[in-house]
Amino acid sequence: MATKIRLQRGGRKGYAVYRIVIADARAPRDGRFTEKLGTYNPNTNPATVDLNFERALYWVETGAQPTDTVRNILKTEGVYMMKHLKGGVKKGAFDEETAQKRFDAWKADKQKGLDKIREQEAKAKKDAAAKELAAEKKINEAIAQKVAEKKAAEAAAKAEEEAAAEAPAAEEAPAEA
């Protein structure tokens, strides 16, 4: 029986969430499966992966063929790196402790890179919000200036009308005297 490591769709329309499963190659995408290895949620940023690492490593070592997407997920989680290191241990290139140290160093480096990306995204989001706020303040100042000019024009027109109304009254008053 040829086994595949594949994604099985779940979730609602427009918001897909996948299970990472071991299935017979002939089984349909959402059909019968042998074992569930984890979940994959591409809707979050970055995508969320919950994986049973030991079982995934076991199935990769046994010869289960992953689909392209699952292969990328397993590479980012380090399953293929650990398989490579275990191959080195079997060949006698280094011992189990060295392999584990190398894997931990690789995982820490990968995590550092992810943290850096998250920081850059947060900074970019903060900068965009600051630019948007500055643009909004500029627009509000322009609107406030227009309103002030309009009020000043209305006050000047009102003062003119009052002055025009007082001028005939002032002309009549000296004429009566």
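This briefing covers the strand sheet, the helices lying across it, one buried threonine and the largest pocket. The model is a predicted one. Its sheet is open and has five strands, with mixed pairing. The largest pocket holds about 350 Å³ of space, and helix H4 (96-176) gives the most to its lining.

**Sheet**

- The strand order is S4-S3-S2-S1-S5.
- S4 and strand S5 (65-66) are the edge strands; each has a single partner strand, so one side of each has no neighbour in the sheet.
- At one edge, S5 pairs with S1 in the parallel sense, over two bridges. Within this part of the sheet, lysine 4 stands opposite glutamine 65 in S5.
- At the other edge, S3 and S4 run antiparallel and are joined by four bridges. Asparagine 41 stands opposite threonine 48 in S4.
- S3 and S4 form a hairpin, and six residues lie between the two strands.

**Helices across the sheet**

- Helix H1 (residues 53-62) lies across S1, strand S2 (15-24), strand S3 (35-41) and S4. The angle between H1 and S3 is about 115 degrees.
- Helix H2 lies across S1, S2, S3, S4 and S5. H2 runs at about 95 degrees to S1.

**Threonine 3**

- Threonine 3 is part of strand S1, which spans residues 3-12.
- Threonine 3 has a relative accessibility of 16% and therefore counts as buried, the cut-off being under 20%.
- Leaving aside residues up to four places away in sequence, threonine 3 touches Ile22, Ala23, Trp59, Ala64 and Gln65. Of these contacts, Ile22 and Ala23 fall within the range of S2 (15-24), Trp59 falls within that of H1 (residues 53-62), and Gln65 belongs to S5.

**Largest pocket**

- The volume of the largest pocket is about 350 Å³. The pocket is lined by 14 residues, of which Ala47, Val49, Thr76, Glu77 and Leu114 are the closest to its centre.
- Three elements each supply at least two residues of the lining: strand S4 (48-51), helix H2 (68-77) and helix H4 (96-176). H4 supplies five residues, the most of any.
- By residue class, the lining has six nonpolar, four polar and four charged residues.
- Two of the elements that line the pocket also appear in the sheet packing: S4 is an edge strand, and H2 lies across the strands S1 to S5.

Terms used. Residues numbered from 1 in each chain as written. Predicted model: local features only at pLDDT ≥ 70, side-chain atom pairs only at ≥ 80, totals over all residues. Heavy atoms only, no water. 1 Å grid on protein atoms, 1.4 Å probe; cavity = no way out; pocket = protein on both sides within 12 Å on 5 of 7 lines; lining within 4 Å. Points joined across faces, edges and corners; volume = space filled by probe spheres on them. Nonpolar A, V, L, I, M, F, W, Y, C, P; charged D, E, K, R; others polar. Buried < 20%, exposed > 50% of the residue type's maximum accessible area, 1.4 Å probe, protein only. Contact = heavy atoms within 4.5 Å. Pairing = 2+ DSSP bridges. Axes fitted to C-alpha atoms, helices over the stretch in contact; angles between N-to-C directions.
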